[in-house]
Amino acid sequence: MHPIDGAGQVLESLHTRLARRSRLTRAAASLGVIHATEYASGAALRRVLGDCPWRDREGMHLHGLVRLDDAPFWLAAAPGFERVRDALHAPAARPALGPGVACPTCGTEEPSNDRVAA
């Protein structure tokens, strides 16, 4: 299942491309990617292994691979996924070191050399 979950990396590029769109548009696009990934991976597993680990036979489903009546759940969950993604990609807070000299390359501050080595 890890390669299938890894295919969800498409959501990362989707997030970048749709950053300026409405939350509903981004959620609907995420829903499409989630359902497409689930369907494609289930169909591939069924072709290679003869069966799929999940069998969606109840409710509205597409060939037993994707439950269409789960769409409202995924549509509601997509903004939560975005919040988690944004929290994980937020820059880490750096402790203040006090006055010092900033590195010209990376901008980090080096502590000042107020003490003289004895």
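How many helices and strands are there in the protein chain? In this predicted model, the protein chain holds 4 helices and 4 strands. Their order along the sequence is α-α-α-β-β-α-β-β. Of the 118 residues in the chain, 21% count as buried. The accessible surface amounts to about 9000 Å², and carbon and sulfur atoms contribute 60% of that area. Among contacts with a separation of 6 or more, 37% involve residues 24 or more positions apart.

Helix H3 spans residues 23-49. The helix comprises 27 residues and extends 38 Å from its first C-alpha to its last, close to the 39 Å expected at 1.5 Å a residue. The buried residues of H3 are Arg 26, Ala 27, Ser 30, Leu 31, Val 33, Ile 34, His 35, Ser 41 and Gly 42. In general, an α-helix has 3.6 residues a turn, so residues three or four places apart point the same way. Gly 50 follows H3 and has a positive phi, near 90 degrees.

Two further positions in H3 were examined for their surroundings. Ser 30, which lies in H3, has a relative accessible area of 11% and is therefore classed as buried, the limit being under 20%. Apart from neighbours within four places in sequence, Ser 30 is in contact with Leu 11, Leu 14 and Ala 78. Ala 78 falls within helix H4, which covers residues 71-88. Gly 32 is also placed in H3, but at 39% relative accessibility this glycine counts as partly exposed. The C-alpha atom of Gly 32 is 9.4 Å from that of Leu 75, although the two residues are 43 residues apart along the chain.

A search of the whole structure returned 2 salt bridges. Side chains of opposite charge can pair when their charged atoms come close. One bridge joins Arg 26 to Glu 82, with 2.7 Å between the closest N and O atoms. Arg 26 belongs to helix H3 and Glu 82 to helix H4, so this pair ties together parts that are 56 residues apart in sequence. Both partners, Arg 26 and Glu 82, are buried. The other bridge is formed by the side chains of Asp 69 and Arg 67, at an N to O distance of 2.8 Å. Asp 69 has a relative accessibility of 32% and is partly exposed. Arg 67 is likewise partly exposed, with a relative accessible area of 24%. The Arg 26 pair is thus made by buried residues, whereas Asp 69 and Arg 67 are each partly exposed.

Aromatic contacts were also searched for, and 2 aromatic pairs were found in the whole structure. The ring centres of Phe 73 and Trp 74 are 5.0 Å apart and the ring planes stand at 65 degrees, so the pair is edge-to-face. Trp 74 also pairs with Phe 81, with 6.2 Å centre to centre and 45 degrees between the planes, an arrangement that counts as tilted. Through these ring pairs, Phe 73, Trp 74 and Phe 81 are linked into a cluster. Phe 73 is exposed, at a relative accessible area of 52%. Trp 74, at 24% relative accessibility, counts as partly exposed. Phe 81 is partly exposed as well, with a relative accessible area of 42%.

Further features lie in the region after H3. Met 60 is situated in the loop between helix H3 and strand S1, the latter formed by residues 61-62. At 53% relative accessibility, Met 60 counts as exposed, because the limit for that class is over 50%. Together with Leu 62 and Leu 68, Met 60 makes a nonpolar surface patch of about 270 Å². His 63 occupies the loop between S1 and strand S2, which consists of residues 66-67. The phi angle of His 63 is positive, about 55 degrees, although this residue is not a glycine.

Definitions and conventions: Residues numbered from 1 in each chain as written. Predicted model: local features only at pLDDT ≥ 70, side-chain atom pairs only at ≥ 80, totals over all residues. Heavy atoms only, no water. Patch = residues over 30% accessible without salt bridge, like charges linked within 9 Å, V, L, I, M, F, W, Y side chains within 5 Å. Areas by Shrake-Rupley, 256 points an atom, 1.4 Å probe, with all protein chains shown as cover. Salt bridge = Lys/Arg side-chain N within 4 Å of Asp/Glu carboxyl O. Helix = DSSP H or I, 4+ residues; strand = E, 2+ residues; numbered from the N terminus. Buried < 20%, exposed > 50% of the residue type's maximum accessible area, 1.4 Å probe, protein only. Contact = heavy atoms within 4.5 Å. Phe/Tyr/Trp six-rings, centres within 6.5 Å; stacked < 30°, edge-to-face > 60°. Expected span 1.5 Å × (residues − 1).
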